Amino acid sequence: MLTPLLILSGVGLVMAGLLAVGRKAFAVDVDERQEKIAEILPGANCGGCGFPGCSGFAAALVEGKADPASCPPGGPELAVEIGAILGVEVEAKEPMVALVACAGGDGESPSRAGYLGVSDCAAAHAVAGGPKSCPYGCLGLGSCIEACAFDAIVPTSNGLVMVDPEACTGCGKCVEACPRGIIRMVPKKRKVHVLCVNPDKAKAVKAACSVGCTGCKLCAKQTGAIAVDGALASVVSDSEEIPGSAALACPQGSIFDGGVYSLPDWLSGSEARADFSRRSAEWKKAEKERKAAEKKAKAEKAKEGEA
Amino acid sequence: MRDATFAGGIHPSYNKDRTSALGTSPLAAPERVYVPLSQHIGAPAKPCVEKGDEVAIGQMIGEPGGFVSAPIHSSVSGKVAGIEPRAGAMGIPVQCVVIENDGEDRRSEHDGAGDAWEETPADELKERIRMAGIVGMGGAAFPTHVKLSPPPDKPIDTLILNGAECEPYLTADHRTMLERATDVVAGARILARILGVARTVVAVESNKPDAIQALDGAGAEIRTLAVKYPQGAEKQIIDACLQRQVPSGGLPMDVGVVVQNVGTAVAVADAVIRGRPLTERIVTVTGDAVGSPANLLVRVGTPVGELLAACDADLDGAAKLVLGGPMMGFAQTTPEPPVTKGTSGVLLLTGKHVDTRPPAPCIRCGRCARACPMRLVPTEIGRAGLARDVEASRSADAMDCVECGSCAHDCPSRIPLVQQIRLAKAAVTEAARRERGTR
Amino acid sequence: MTNKLFVSSSPHAHGGASSARIMWTVTAALVPAAAWSVWLFGIPALQVILATVLFSAAFEAISQRLAGKPTSLTDGSAVLTGLILALTLPPGLPIWICAVGAFVAVVVAKAVFGGLGQNLFNPAMTGRVFLLIAFPGPLTRWLVPRGTGAQLFDQPVTAYDASGGIVELGSKAVDAITAATPLGLLSERGAHAVAALSQGQEIFIGQMNGSLGETSGLLLLLGGIFLLIRRIVSWHIPVSFIGSVAIFAAITYAVDPAHYAGPAFHVFTGGVMIGAWFMATDYVTSPMFPLGKIIFGVGCGVLTMVIRLWAGYPEGVSFAVLLMNATVPIIDRYTRPKKFGLRRLTKGGSDA
């Protein structure tokens, strides 16, 4: 009993000793900054920085080949910490999240044909121009969901998909995965979004979807932060706060106001839409009255001027 | 002599009985035609008319957009209503010249070479073919004059006329060979003259004995082919007739051959001898949702809906509308698209032909590999395609696939193999594009 | 238009083949042999068949539910696996052992790999081999078939009563009689012990004992030919498997007839018939291409004979098939068909 015990213990000690010696003898010289950085990185290996995994990013940073602010999951705080380790000043980048710019679900942009085949957005898009009435809209088959390493995209109940901005780290893999380019990166703090990518003119858009942007420019009149390119509006600046009237002015209801509604409610809740219709109608009525009063006041002033 | 054939292939139900004996009947021209600017492989035609212009049948309304391109001509007489997008066969809108038909069927003046074509220089004949807008009528719609211009380092010794018509349901070529056998042979002789070939073979599947007889009577050298799909695919027909295999990534001219559809030969004869540009073609309208199937002579630009209406079709009860044949044709969401130079068939099918069950897992039975005429392993390419794996797609030879559909037709698990293979091909093409961009 | 059309990628025509129909047809081809075994052995055979099949179906349904997939019992693959496994088992095997075998076959060898189409090893063979190694006793207890009694082989039989105790043959309390199988005899006592059998027709028609599927060579052959005609199996694997067994046996018999049994004996005893037609031909675990299939069949045949003659087990088919299953990916890699366009051109255009 004693002999095997001693032998095995002895073998164990010898092996341990060999390992310890090996660790020292075969140690690889690593910049200690690289190890420090690797410890504070998120460890998700999402590739959002453009390097192969977090260790790749750390190595590139100490070689000076990477921008410390390019780790989306880490955010601006991480960028500053990396900067401290490297001894450089880091400008915090605006956190960005992904947005699926389409609200045309089964009710708004119904399918024009039954689709049979590979359950993948790129595949469906290539068959007969896609089964959706709108040839630019979200097919809901989940290629983006597949691509997301953070489970930040979820399907809605009406055939669309939605990004959860809290779970999204801004790595951008979903943007590549969408065959129709519907997903874009937007500043996380932005609350108002135009949920449409259809560039066609009004007649075609209305035939394709009941909430598509027709390029009427009524939103752009309310704020300089929204511009219309051709027949499609989009938010172009975050320097000014976008007023609630921009969304209310839209006759199609294409603009989502995150200050008033939550995205899940907006995308699949008819309650949110009904509330919007009511508020929009009220606002339009109030605008009409205001304009009429202004006109009247102007006319009276002109009369006084004459007198 | 035994019927010639190739390795692989399948035996689908042919369903040609309802239309193979029906003579071609002209379809009344519609009130408006929508003539697409791009009905061919290559650059789209450039419009050379404007809204309000008066046009006649055969008048050029679009000029070629380059060498690999073709002009388009009006198929009715009337007034140009505009140049607008219209639903196309691929599901995306296509730009069309819209013409209001005045019902007079005035023809524009063209003179053919008549029988004097035999003395006309080959280059001039080719130019007549080019300006007549002739493209491959078998479905691929490749500009014919380009096919007739192989580079000098690719000598051509044989012309094959493709009368196989291996797609189920379609009988347009069959009727062409029966009704216009003399013009098929005349067209073949014109093509042979242009190419300078010593030998012309008209290849016909043995399920068309009447066509074989008619062509034989008109003086053609016939090669009978075994009835198998896809016997009419270019590479397979060359292999069957001449035992030459077009190399991977190559073209028929690499083995000294040019292949032309029999319908194209007739169009060539009409253009060269009679001076008529390509403005109409035979379309087989059939399927179990069609009450009175027919082989219709249709003006280019006629909306498919008109063909269906003329054949007592039950669109409400139908489950699938296909332009082309069932193996390689395109499913439609609406009957709006216009007939083009390459539309060989309109199929309206009921739910019996549509299986909505999801596919079963691949059981590695190997039937897809046995069916593949290119001797590939479709299930392997499909797997690579689903994973967007460029390396695996390349080593499985994804780009050699001709998308004939034989694999998916025989798959017991109903796997959409062709669609998966297309994903593989897209991944390879995209990767090649990126690699070229960075070099 | 009121009804919506369907769109899909081409092709829009299908030949009508269905993997479910294939599985059920193979099951049907096995029914005659299974029925024969029930006739030979009675209730003990029926209970093994029913238990194994039902447990296979149950385990497949449960594992599919747990994996969040829809249940697909109608595709016939679980039932077929269960039936094949049952036919490799001896009659009278306790039901709980049948259940364990079904579990290993359907869950461990199939579901764990990802379900239908993803497994590397033949599920029925895996189940059978597991049982043989885990429960060697019950798996080698062979009941004597009906109507043959102890006269069949001129060798000792053992009689059992209901509780498994050994009794005198001829006493009223006999419930089961076991005897060694022909292969068992060959392995223990040598070729002379089975010489008479090799000439007789019993092994062909199936009046001998063994596992349920070992008995009737004729019915299995007919079932196999049925599958051949229906184009469900191709000739490559059965012919090369059986052929290599026969040739191997013929060579050894010619070299030493006293020690080795002849080709007819080896082909019709044990699992060669059922293995060659129904197990080695399983699409998922066998090669896809013709040359590969022949290599696979020859490998199975040779390994079967090597194990039978010179290894520790009297029967080698199940081990042989499993070992060859492991080589299938590499066989497939190197026996792919040559793609179109690689053949040397014959200039001058001569045709057949």
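The expected span of a helix is 1.5 Å times one less than its number of residues. With that rule in hand, the tour can begin in chain C of this predicted model.

**Stop 1: a helix in chain C**

Select residues 236-255 of chain C, which form helix H11, and set the distance between the end C-alpha atoms beside the rule: the 20 residues should span 28 Å, and the ends are 28 Å apart, which agrees. Next, colour the buried positions of H11(C), which are His236(C), Ile237(C), Pro238(C), Ser240(C), Phe241(C), Ile242(C), Ser244(C), Val245(C), Phe248(C), Ala249(C) and Tyr253(C). Which helices do these buried residues pack against? Add helix H10 (217-229), helix H12 (263-268), helix H13 (272-279) and helix H14 (290-310) of chain C to the view, since these are the partners against which the buried residues of H11(C) pack.

**Stop 2: the domains of chain C**

Colour chain C by its domain assignment, with domain 1 covering 20-139, domain 2 covering 143-179 and domain 3 covering 180-327. Where domain 1 of chain C meets domain 2 of chain C, seven residues of domain 1 and four residues of domain 2 take part in the contact. On the domain 1 side of that contact in chain C, five residues are nonpolar, two are polar and none is charged.

**Stop 3: from chain C to chain A**

Now bring chain A into view and look for its contact with chain C, to which chain C gives six residues and chain A gives eight. The chain C side of this contact divides into three nonpolar residues, two polar residues and one charged residue. For a pairing between these two chains, select strand S2 (residues 114-116) of chain A together with strand S1 (residues 6-8) of chain C, which run parallel and are joined by three bridges. Centre on Gly114(A), whose bridge partner in S1(C) is Phe6(C).

**Stop 4: chain A as a whole**

Show chain A alone, as a cartoon, and its secondary structure comes to twelve helices and nine strands. Is chain A compact or spread out beside a globule of its length? The radius of gyration of chain A is 28 Å, well over the 19 Å that the globule rule gives for 307 residues, so chain A is more spread out than a compact globule. Along the principal axes, the C-alpha atoms of chain A fill a box of roughly 115 × 55 × 35 Å. Buried residues account for 38% of the 307 residues of chain A.

The domain assignment splits chain A into domain 1 (33-93) and domain 2 (96-283), and the centres of these two domains of chain A, taken over C-alpha atoms, are separated by 32 Å. Six residues of domain 1 of chain A are in contact with five residues of domain 2 of chain A, and the domain 1 side of that contact in chain A has four nonpolar, two polar and no charged residues.

**Stop 5: two local details in chain A**

Select residues 75-86 of chain A, helix H4, whose twelve residues reach 17 Å from the first C-alpha to the last, close to the 16 Å expected at 1.5 Å a residue. Just after H4(A), Gly87(A) takes a positive phi of about 80 degrees.

Then move to strand S7 (residues 226-229) and strand S8 (residues 232-235) of chain A, which pair in the antiparallel sense over four bridges. Within this pair, Ala227(A) stands opposite Ser234(A). The hairpin of S7(A) and S8(A) has two residues between the strands, and Gly230(A) takes a positive phi near 70 degrees there.

**Stop 6: chain B**

Switch to chain B, where the secondary structure comes to 14 helices and 17 strands. The radius of gyration of chain B is 21 Å, close to the 22 Å that the globule rule gives for 439 residues, so chain B is as compact as a globular protein of that length. Of the 439 residues of chain B, 59% are buried.

Within chain B, select the open sheet of three strands in the order S3-S5-S6, where the pairing is antiparallel. Its edge strands are strand S3 (46-47) and strand S6 (72-73) of chain B, each of which pairs on one side only. Strand S5 (residues 60-63) of chain B is joined to S6(B) by two bridges, with Met60(B) opposite His73(B).

**Stop 7: where chain B meets chain C**

Finally, show chains B and C together, and mark the contact that takes 62 residues from chain B and 40 residues from chain C. Elements that give two or more residues to the chain B side are helix H7 (234-242), strand S15 (320-323), helix H13 (406-410) and helix H14 (417-438) of chain B. By class, the chain B side has 33 nonpolar, 15 polar and 14 charged residues.

Methods. Residues numbered from 1 in each chain as written. Chains lettered and ligands numbered in written order. Predicted model: local features only at pLDDT ≥ 70, side-chain atom pairs only at ≥ 80, totals over all residues. Domains from an automatic or database assignment. Contact = placed C-beta atoms within 7 Å. Nonpolar A, V, L, I, M, F, W, Y, C, P; charged D, E, K, R; others polar. Rg over C-alpha atoms; globule rule 2.2 N^0.38 Å. Buried ≥ 20, exposed ≤ 12 C-beta atoms within 10 Å, placed from the backbone. Pairing = 2+ DSSP bridges.
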